[in-house]
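Here is my note on the model you sent, set out as numbered points so that you can follow each one with the structure open beside you.

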Amino acid sequence: MLGSYSWDRDERDFGGFSGLEVTDDGNHFTALSDRGSIVSGDFIRTNGLITGVQAGPIIVLRDSAGHRFARHKNDTEGLAIAPDGTITISFERTHSLRILDPVGGITSRAILHPHADKIPQNASLEALAVGADGALYTLPERSGRANWPFEVMRWKDGGWTFAFDIPRRGAFLPVGADIGPDGLFYLLERDFMGIGFRNRVRRFDLGGGAEAHVLQTSVGSHDNLEGISVWHDGTDLRLTLISDDNFQPLQETLFVEYRLTE
């Protein structure tokens with residue numbers, strides 16, 4: 001681990017961060033809360049490590065008619081920013097994607113997942129990633145059975161196609177994803193052990209092959225890590241992760257960074 005930084009703001013909508021994107025230079029970020037809000041800011045770095053955060057206002061997301069989402073519909077989990085700047089968000093309880101206008105927080109009409117009728121309401125589209133060609137990749141938190149793989153679906157050019165399967169390995173469940181500058185798919189997974197959380201990151205090619213375990217933390221190493229962004233610092237790949245504090249006073253919002261030596 002390179003380091004971690006605890007971030008806090010005394011605002012009602014601050015917290016619950018479950019999605020993260022970091023720019024290619026590692027200096028700017030966008031974080032998505034699982035209660036329908038988003039915030040962007042800059043990292044203050046000292047010797048390459050995060051030592052502070054300067055962020056703009058927290059923007060509350062709204063539907064295509066301009067209305068704030070009801071509590072049972074604002075469970076925003078996955079965040080992906082395409083090379084052309086298009087921002088897409090995945091919604092868990094409604095099993096859908098929406099495109100975001102970052103200025104006013106207005107989102108498009110829902111893009112419904114093709115298997116929405118089969119996905120459990122509270123185990124849906126936690127992870128979302130975007131490729132260099134703008135294709136979106138998403139998968140549910142649960143596969144249905146412990147011996148079934150996680151199905152990754154691809155959204156491109158107005159339609160859904162099957163992308164690949166990810167095998168289940170142990171008790172870990174998907175909570176975040178990103179496609180790194182190496183063109184590989186990074187999956188952040190979480191396991192709650194009762195006394196704390198542990199996390200794992202696996203890496204795949206975009207056909208589901210070349211599986212590699214690149215990170216696994218011990219119980220209690222960090223808080224509830226749910227967002228992941230992969231970038232290159234000029235020497236190695238970095239993983240920047242963010243934790244979901246569940247809006248609980250005993251938890252915290254952490255930025256955590258690891259280096260992957262190539």
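**Notes on the predicted model**

1. Please keep in mind that this is a predicted model. For a chain of 262 residues, a compact globule would be expected to have a radius of gyration near 18 Å, and because the protein chain has 17 Å, its value agrees with that expectation. Taken along the principal axes, the box filled by the C-alpha atoms is roughly 45 × 40 × 40 Å.

2. As you trace the backbone, you will be following strands, since the protein chain has 22 strands and zero helices. Among the contacts with a separation of 6 or more, 47% are between residues that lie 24 or more positions apart in the chain.

3. Turning to burial, 52% of the 262 residues count as buried. The area that the protein chain exposes comes to about 11,400 Å², and carbon and sulfur atoms supply 48% of that area.

4. The largest pocket deserves a careful look, and its volume is about 440 Å³. It is lined by 22 residues, of which E21, V22, D24, I81 and I179 are the closest to its centre. Two or more lining residues come from each of the elements β2 (17-22), β3 (28-33), β16 (173-179) and β20 (225-232).

5. Which element gives the most to the lining of the largest pocket? That element is β20, with four residues. Sorted by class, the lining of the largest pocket holds 11 nonpolar residues, eight polar residues and three charged residues.

6. Two backbone angles should be checked next, and a general point helps in reading them: most residues other than glycine have a negative phi. D157, which is not a glycine, has a positive phi near 55°, and this residue is found in the loop between β14 (150-156) and β15 (159-166). Is D157 buried or exposed? Its relative accessibility is 72%, and because exposed means over 50%, D157 counts as exposed.

7. The second case is N246, which also is not a glycine and has a positive phi of about 55°. You will find N246 in the loop between β21 (237-243) and β22 (253-260). Here the relative accessibility is 29%, so N246 counts as partly exposed, given that buried means under 20% and exposed means over 50%.

Definitions and conventions
Residues numbered from 1 in each chain as written. Predicted model: local features only at pLDDT ≥ 70, side-chain atom pairs only at ≥ 80, totals over all residues. Heavy atoms only, no water. 1 Å grid on protein atoms, 1.4 Å probe; cavity = no way out; pocket = protein on both sides within 12 Å on 5 of 7 lines; lining within 4 Å. Points joined across faces, edges and corners; volume = space filled by probe spheres on them. Nonpolar A, V, L, I, M, F, W, Y, C, P; charged D, E, K, R; others polar. Buried < 20%, exposed > 50% of the residue type's maximum accessible area, 1.4 Å probe, protein only. Rg over C-alpha atoms; globule rule 2.2 N^0.38 Å. Contact = heavy atoms within 4.5 Å. Areas by Shrake-Rupley, 256 points an atom, 1.4 Å probe, with all protein chains shown as cover.
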